[in-house]
Structures are given as structure tokens and as C-alpha cells.
Amino acid sequence: MKCELAYTRRGQGEPLVLLHGIGHRRAAFDPVIDELAQDYDVIAVDLPGLGDSPALPAGTGYSAENVVSVLAENFERWGVDRPHVAGNSLGGLISIALAQHGQVRSATGLSPAGYFRPWSLLQATLTLLPLKLGSYLPKPVLRLAASVAIGRFLIGFVLYRHPGRYSAERVYGDALAMRSGKGFWRYFLRCVPLGFTSPAAFRGSAKVPITIAWGDHDLILHQSQAKLAAKRMRGAEFVTLKDCGHVPMGDSPEQVVAAIRHTTARATAA
């Protein structure tokens, strides 16, 4: 299916694709992209229907298989074969699905979605929906909120351990991305509660090196979900990202880069 994704490409070396979370955009990886570009051909992507990427074609469901298929087509368009992949939240689950479908050499999931129990799904819903609904506030209100420290904290504290590290322009841009993402509700209603309804996306033996890294202060997807992930995904390695929230790239770029490099090194050694 034709769906040309928006992306930023930088660096040289083995290809590494970066996938953001639901309602976010490829700029989520800005805190780590320059460091990663020293060792990799980094491609930060906007997922279908989010950021600057178009929605999936009409009538196409937002399933793991369809998103994986679109990404595989874009890999070919970009001239990369079985890249490494790292993803956060929804992007983490898609990264693991790509690995289990044989489309990548390694996968690093940063607080990946899909490992829900009923209480954790309720927790994710109650923390994520206010962000989405708040993004519909008038743009002048969003800009004003992003311009003051308390506003940036209120907008970002459920995502980041250290929301104060983000600039007013960055926080405002993220709010607009949350607001305008055409695929948000489709992902949320179809993919997030059901874990994509795809066993290959989150269970079985890891077919390539997989690392699942979880922030110890994640307020959306609690770190305890890593235990369920360990039961479902045999052979994956698990890492705790200390003093990190749900979107750890800005909280601790060093730990995120280290987790990705460790995973890709395992693939090279194999």
C-alpha cells in the first residue's frame, strides 16, 4: 500500500530507524539523533497518520501488520535492508512487531505499548486522554501555557521525568502534533487496548536481538508491565532507565543511546 512517510535522515553507518509514540512526532528523538548519527545512518520517522506523515489509505486498518507493511515499503524506498529499529511507546510495540516479522536486524523498545493488564490499560487511558483533549484548547492558550514553566510542567509531567528541560517552542510543537495527528484515535481505539491483536507483535521467542528498556518513573505505562513483557517475549533483554519517564530520550539521552548501541552490538556479534 502506498504511504510515503515523512522522515529526517542524518549520519552514516548501519541504518537505524527511530519510531515515536502515539500522538507524538519524529522530533521526539531530537535529544539523541546527533549522538546516534555518529555511528549510524539514522532515519527518524513520523508514523502513518501522525506528525507530517499521511494517514493510511482509506479502508486500511491500523493493525500491526499494515503498519509493518508500510514501514517495509518505505525501507525499500529509502534504500535500506533490514535496519536496526528503536521505538518509544506505540513505536516500541511496532519495533518489536518489525523484529518478529523479520524486517529488522534488532529492536529496542522504550516503554513499548501492548503489554497491558486491565488496571494498566485504565492507567494509560486516564493519563493519555487529558493530553489529547487538552491539545484542542485554542492555539493562543497552548502557546501561552508553553511559554511559562508551570505550563510546560502541566503539559509534560506525565510524559517526562524532567519536563522543564524542553523549550517553549518544543512543547508547543508537541501539543500541536498531538492535536493534529489524524491517526491518533484509530491507533488508540484499535491498537493500544488490543496490543494490535497480533500475537507476533508481542509474544513468542525473540527472532533477533530485542532490548526492552523502561523508565523507572513512567506515569503512562508503569514499569511493572516489563514483567508481563518478559513472560510474553522470551529471549529479550530488559533494562531499567533510571530517573526517566515515559518518553526517556530527553530525560537521559545517554541511557537511551547506550541501550540502542548495546542492542545493535548484539546483532553484529550474532
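Me: What separates the positive from the negative charges of the protein?
Reply: The 29 positive and 21 negative charges have mean positions 7 Å apart. Lys and Arg count as positive, Asp and Glu as negative, while His and the chain ends are left out. Each charge is placed at NZ of Lys, CZ of Arg, CG of Asp or CD of Glu. The model is predicted, so local features need pLDDT of at least 70 and side-chain atom pairs pLDDT 80 or more, while totals for chains, interfaces and linings use all residues. Residues are numbered from 1 along each chain as its sequence is written, and side-chain values use heavy atoms, without hydrogens and water.

Me: Which helices and strands are counted, and how many are there?
Reply: There are eleven helices and nine strands. They are DSSP runs numbered from the N terminus: H or I over at least four residues for a helix, E over at least two for a strand.

Me: Why is the protein called as compact as a globular protein of its length?
Reply: Its radius of gyration is 17 Å, close to the 18 Å that the globule rule gives for 270 residues, so the description holds. The radius is taken over C-alpha atoms, and the rule is 2.2 Å times the number of residues to the power 0.38. Along the principal axes, the C-alpha atoms fill a box of roughly 50 × 40 × 40 Å.

Me: Why is S89 called buried?
Reply: Its relative accessible area is 7%. Buried means under 20%, exposed over 50%, and partly exposed in between (1.4 Å probe, protein chains only), so S89 is buried. Of the 270 residues of the protein, 56% count as buried.

Me: What makes the phi of S89 worth a remark?
Reply: Phi of S89 is near 60 degrees, a positive value in a residue other than glycine. Most residues other than glycine have a negative phi. S89 sits in the loop between β4 (84-88) and α3 (90-100).

Me: Is D243 buried or partly exposed, and why?
Reply: D243 is partly exposed, because its relative accessibility is 31%. It too has a positive phi, about 60 degrees, although it is not a glycine. D243 lies in the loop between β9 (237-241) and α11 (253-269).

Me: Which residues does D243 touch beyond four places in sequence?
Reply: D243 touches R161, H162, D216, H217 and D251. A contact means heavy atoms within 4.5 Å. Its C-alpha is 9.7 Å from that of Y160, 83 residues away in sequence.

Me: What share of the contacts joins residues at least 24 apart?
Reply: The share is 77%, among contacts between residues at least 6 apart in sequence.

Me: Why does H246 count as buried?
Reply: H246 has 4% relative accessibility, so it counts as buried. Like D243, H246 is found in the loop between β9 and α11. Beyond four places in sequence, H246 touches N88, S89, S111, V158, L159, D218, I220 and L221. The C-alpha atoms of H246 and Y160 are 6.0 Å apart, with their positions 86 residues apart along the chain.

Me: Why is E4 called partly exposed?
Reply: E4 shows 44% relative accessibility, so the label fits. E4 belongs to the segment before β1 (7-11). Beyond four places in sequence, E4 touches P54, N74 and R77. E4 and R77 are 73 residues apart along the chain, with C-alpha atoms 8.7 Å apart.

Me: Where is S69, and why is it called partly exposed?
Reply: S69 is in helix α2 (residues 64-78). S69 has a relative accessible area of 26%, so it is partly exposed. Its C-alpha lies 7.7 Å from that of M1, 68 residues apart along the chain.

Me: How many disulfides does the structure hold?
Reply: A search of the whole structure finds zero. A disulfide is a pair of cysteine sulfur atoms within 2.5 Å. Two cysteines are buried: C3 at 3% relative accessibility and C244 at 0%.
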